[in-house]
Amino acid sequence: MNKLFILIIIVALGSMLYPLVSSFDGNSELSSLAQFYAQPDNISKVNSPNLVTAIVVTYRGLDTMGEVTILFLTAAIIAFFLKKGGTTRTLRLNSEIFKTSAKLLVPIIVMLGVYIFINGHLSPGGGFQGGAVIASAVILMLLASPNTKLKHNFFEALESTSGLVFVGLAALGALLGLGYLDNAILPLGEFGKLFSAGAIPVIYSFVGLKVGAELSNILNKFQSVQSDK
Amino acid sequence: MEYITLITGFLIILAGLWAIMTRKNIIRIIIGFVIFDTGLHIVMVSIAYVRGGTAPILDGSVSIADAAQKIVDPVPQALVLTAIVIGLGVTALMLAYAMKLHQEKKSLNIESFKDLKW
Amino acid sequence: MSFLIITVLLGAVMLAMAFIAIYHKKLIVAVIATGALGLFASILYLLLAAPDVAMTEAAIGSGLTTIIFFYVLNRIRTDAKEEENEA
Amino acid sequence: MISPIHILTIGLGGAFALGFVPKKAKDVAAIIMLFAIAFMGAISGSWLLSLINGGSAEQIFTAGFRPPYSINLLMGLNEAFLSTAINVIGLLGGIYLYKSLKSAGNHAIMVFLIFIMGLNIIVMTRDIFNLFVFMEIVSIATAGLVILTETGKSIQAGFKYMMATGIIAGIFLLGIIFAYYYSGTLNIDGLTSANIGLAKGGSVALFLILVSIILELKSFPANGWGLDVYEAANPGIGAMLSSATATAMYFVMYKILEMAGPQWNYYISLVGVVSFVGSNLVALKQKNSQRMLGYSSIGQVGLLMIILGFKDILGDNTSYIAFGILISHYFAKAGLFWLAGIVKQKGIKEWAVIRKKPLFLFLMGTFIFALIGFPPFPSFFAKWTLVMDLINTGNLPWVVAILFGSMMEAVYLFRWFGYAIKGENENIEDFKIELHKIIPVGIVVVSLYVVGYFTAQHTEVGAAINWIPLLFVAAIFVLDFLPVFVKNTIAIIGMALYFYNIYPDLDNLRLIFEAIFLVGGILTLIAGYAYKGKRTGFYPVALLMYAGLTAIIEAQTTLQFFFGWELMTAGSYFLIIRGKRSMPHGLSYMLFSIGGAYALLTALGMAYAGQGTFSMDIINGITYLPYWAYGLLIVGFLTKTAALGLHIWLPGAHGEAESDVSPMVSAILLKAGVFGVVLTLIGMGGPNNEYTWLPYALGWLGAITALSGNLMAVFQEDAKRLLAYSSIGQLGYIVLGLAMMSHLGWLGGFSYVINHFLYKAVLFLTIGAVVLRVGTHNMYEMGGLIKRMPLAFLAVMIGIIALSGVPPLSGFAGKWLFYNAILEKGWYFQGAIMFFSGGIAFLYLWRLIHTVFLGQLKDNHRNVKEISIWFLIPIYTLITGIMVYSFKPQWVLQPLGDMIAQYFPDGQLSWVGDTAISKYGHWAGTWVAVTVIGAFLIVLALLMLSTRKAHKLKQFDITYSGERPERPETTHVAYNVFEGLYKAMWPATIPLVEAWWNRVTDFLHDTADIARRIYSGNGQIYIVHIVLFIIVTYFVIIGG
């Protein structure tokens, strides 16, 4: 396809989108929806200082569920897609120093990840970020000793367990008559404390575990089809 | 400021589309998708911005009472969070596809995968 | 005002990164540029008062994505080598 | 009742729980999946039941907050229906894919479960970003399922799919975020009331949202990626995409369109019509069955989009119409994809293998007829309502476009079906039947019939349809394993009883036709006793045709009439295509019939416009575009009478049909068209109509048809084709007679109707029986058969005398009436043509006697027997009829005259005993007959006396000049006997009409071939298409 033609298309698309920019006026105040979330009454109903977390886990918890499902799906698809890719794996070994320091670092990184998602309702970060950090620990482990096979079953079991807990907690809200995904199934506690905001920290922790396991699975799958020659 | 980021976002979106539509290497096309997504996220976050607002986290600096006046819009931010994770899933899957495609024809040129047509 | 300048600069750098990602000959560099684009984007998010997004973008958008890219590039490179060896 | 949200709980929980199932225990995993889907289906099904019984819709709030502050879902009637449908097809699809999923492993099973769950939530959610998330889930799951059966092609298709959906999702997200910016909400209901389309940016945001849904529906032409997926994926997945995904996305379109507001309706319809017509057109060139089904799916979705765009105009009927089209497509397309996976053949020609298992042919036929919109399937009723309502609201051009698209779809589907019925299948490996693949197909087939029945019951006019004949057909179908003898007896008794029951209720006009249809039907069925074995499939389709014919007669409403018309078409199609070498003729018959049916449908729509009732009376005095309406009615009916220009199908169809089928489709079926013309002309107002040129043109058409039909018959070497062309000519007389719009013209026409029925049945039955004995249609391969089959000879002789219209037999009555009518009307030119073509008729009629029965007996025919007694019985019964008519014409013509006098009171014949008196003379039937026969006998006696001593020619009296001819048949005295005449006449016989139709089909196919080049196979180009589609529709429709 002629590049000039593509350029014309891009320019045309740009001019089509131009009204979005030209009529954009910034915001001088919150949208009505956000104002509702920021009202003191409603803040106290959820009791999570981090409003993004409140939205992600509670108000729009269904999206989060979908999001977790997407990672789960991706991991599952990649798992059966790359199944047959197994050429004989001959990977370079790393230096002992790297291995040893990795062994030291991995638990610390995992702890950091856990910290991030446990405090998701108090400070920036949460399940996704924490999960990603955990996954990075897994990468480190994989890089340090490339020929070790991860305990795949462990991660899958972790993934499934945390997924089930998430769904279970969500359904519990409906069964208790509060509403699907309501965080008030647990006591709301005192604003700004670790054990507060009802089920949010619990749910977010399991989301974190699940995301971490899922990302690790994906990475592990990609790792498993590597070979250095 | 949000104007500039918004325009930057749009330009990055278009740059991503340009890559998707012109580059022949599949990896490069996937990079195009990542760029396209990044642009989208920037646009979304720009829309969330409220002039002079602070992060929507009610720690010491913002009290509950005047939260509504001080913070930026948390909703698009929550959406971007979701979108980023979805983007990762899509990219990972696309890359797995790219690997498989390469295994099949030992080529990464998008034009060598035209077995299905008409 | 200083924010404004930083924003403009960041935007310019990001576009430059995008350009590199699209046009640099080496795929490795292109992937790194993509990762860098993500990192700069997360700085932008911090400026736009979105720390959550910034963290996510940094960890997932630029971190993990880049690593997966590397895995795939590596795999493709070895595939290509095998091809040469066989030929 | 369980809250609908637990569909999500079950789906997701099930998928997560599958992680605990050991890798080896694949059966366990698959069964868990099926149970989960079944449970989801039970939840949605229970809601559907409760909502149908007047329960109230369920709002599901999440997170303990009311919308718009949190995501909410809705379980209303639409949602309950759709999610039940999705879960049902998901369950069936899961069963179908059981082995494929198992071999791909537990992960694939999880993906399938999540896929179905995602579709459910897409249907139920009322939050636009949530919609986005679950759409992403579905498209990622799809990208995974495409490679369920991993081939090089499926990987390519999957990657293209990911690229396209990646872009589309991005566009959608952009739209969502700006919609949020302008409205401050993500709730669909909130967005509806926010009316953001008023702002410039807001309307762009809405456009982005809409266009991305349109693209998700794989609208033509930005859909190369979708087609590739249909082609390359496991057919079981294709079935899911075509049915479940398309349905869910269609509902999303519905939700979004409600949100965007009515100003976008037109845009959706426009995109829909382009998609419908375009993709059906492009499919014409398609040889790969799965890709063809993909095109068809996209076309159907286009049609659904048109309906959606017209929702404000169609009003309450919208959901009925959409339901009918959707559910037919839903089951039929899933079924066809599943069949593709069972047959395991890609090329449409290779599908011929399917008839090695006849039941599968039935399944395939059901799906194809359901897709095209034949009764009794839901799509028939939906299409009917759609056309009626669109014309009633003044949207005629849309109807034309829709019917054109449907026509294209019929072309390629019936071509495919033709290959399946008649194609070469010797060298193709038979396919295996796997129980888990059959069960789903069987269930959807049954569902189609059941749902069709209930769709009909839904409307008052549909509920009036008489289903008894169809039930009889179904019963015969079930009994198809019985031998011919039993089935034939059942069929004859059934038809006789039905006729006995129905005839007191009919007026005289209808009684004539009903007698031709049913009594004639019984007589031709008697010949069926001559066949041995089972004759698989013959009786259901023959009875289907008769069921249709009687439904036409009984019709009280236009819907019933059209219902019968289509049943008759379907039945006769199957009858025709049963013959040897009938594939092309079956196809052309079907296409002309469908074209004609669409002309009728349009005309009936015009008749309905402004009337508000479907009573048959509405075709009397049409007020909306009456010239067009009557013209279309006539054109539609003339496709069945095979008027010149619309006759292409007839010679082959009648000529190649089985021996007892030819009389059914010639003597009987053609009269359905005549009946229609009669109704139309009565509707136009009889003698005092104001449509002067329409009957005039019709008259000329009839005259020219008579001439050219007879002329073509002259040059035939095939006895059955000769009779077929002769029918075209005879029907031309009938049309001419009716077109005169006078008492005598109609009397002539009707006398021809009865006569043609009698003698054409005699001739076709006799010639057919002879063909059964001698094994060839070619007359030059016969000869001297008078010695072996004198009774057949006598029958043919009586038949051709009756046909030729000379005294003493009944044909003369028709001729006499005609010339009187023409003199009265003053149509001298037409009369001259008729006279001339009557002369031509002798040229070929003579050959039936001379070539077939006289001359030398062929060596290989020395031992043939007289034709079967089972043929002789109906033949001589009919001859008795001819004799009665010949000797006592007043018995027939007087009641006919009385009947016609209701419509044309002026210019009646006056009768004195057996003498008919017209303005121009008189004619005494009995006297003429007796005189002529007496004269004949005298001449015969004289001849026999004078030739007593004549030398009898022996076979070997023929001498060659020492050479053996290369083509022995050319030495036959009757071979190419009219060579000289042909040299003189050839310009008149050039099949101009056929050439014209060939030109049309070539043009369409060439267009399709050029258009489909846009699908270059390059995924990148497909992205360009998508972006171009967005830009073009934006600037053309919104900006322009």
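Biologist: Hi! How many residues of chain A are in contact with chain D, and how many of chain D with chain A?
Modeller: Happy to help! In this predicted model, 47 residues of chain A are in contact with 51 residues of chain D.

Biologist: Which elements of chain A give two or more residues to that side?
Modeller: They are helix H1 (3-22), helix H2 (32-38), helix H4 (51-59), helix H5 (61-81) and helix H8 (152-175) of chain A. The largest share comes from H5(A), with 15 residues.

Biologist: And what's the mix by class on the side of chain A that touches chain D?
Modeller: That side has 30 nonpolar residues, along with 11 polar and six charged ones.

Biologist: Cool, switching over: how many residues do chain D and chain B put into their contact?
Modeller: Chain D puts in 33 residues and chain B puts in 31 residues. On the side of chain D, at least two residues each come from helix H6 (128-146), helix H7 (152-183), helix H10 (224-232) and helix H42 (1019-1039).

Biologist: Which of those gives the largest share?
Modeller: H7(D) does, with 15 residues. By class, the side of chain D that touches chain B has 18 nonpolar, 10 polar and five charged residues.

Biologist: Now inside chain D, how far apart are the C-alpha centres of domain 2 and domain 5?
Modeller: Those centres lie 21 Å apart. In chain D, 16 residues of domain 2 are in contact with 14 residues of domain 5.

Biologist: What gives the most on the domain 2 side?
Modeller: H7(D) again, with six residues of the side that touches domain 5 of chain D. The residues of that side divide into 13 nonpolar, one polar and two charged.

Methods. Residues numbered from 1 in each chain as written. Chains lettered and ligands numbered in written order. Predicted model: local features only at pLDDT ≥ 70, side-chain atom pairs only at ≥ 80, totals over all residues. Contact = placed C-beta atoms within 7 Å. Helix = DSSP H or I, 4+ residues; strand = E, 2+ residues; numbered from the N terminus. Nonpolar A, V, L, I, M, F, W, Y, C, P; charged D, E, K, R; others polar. Domains from an automatic or database assignment.
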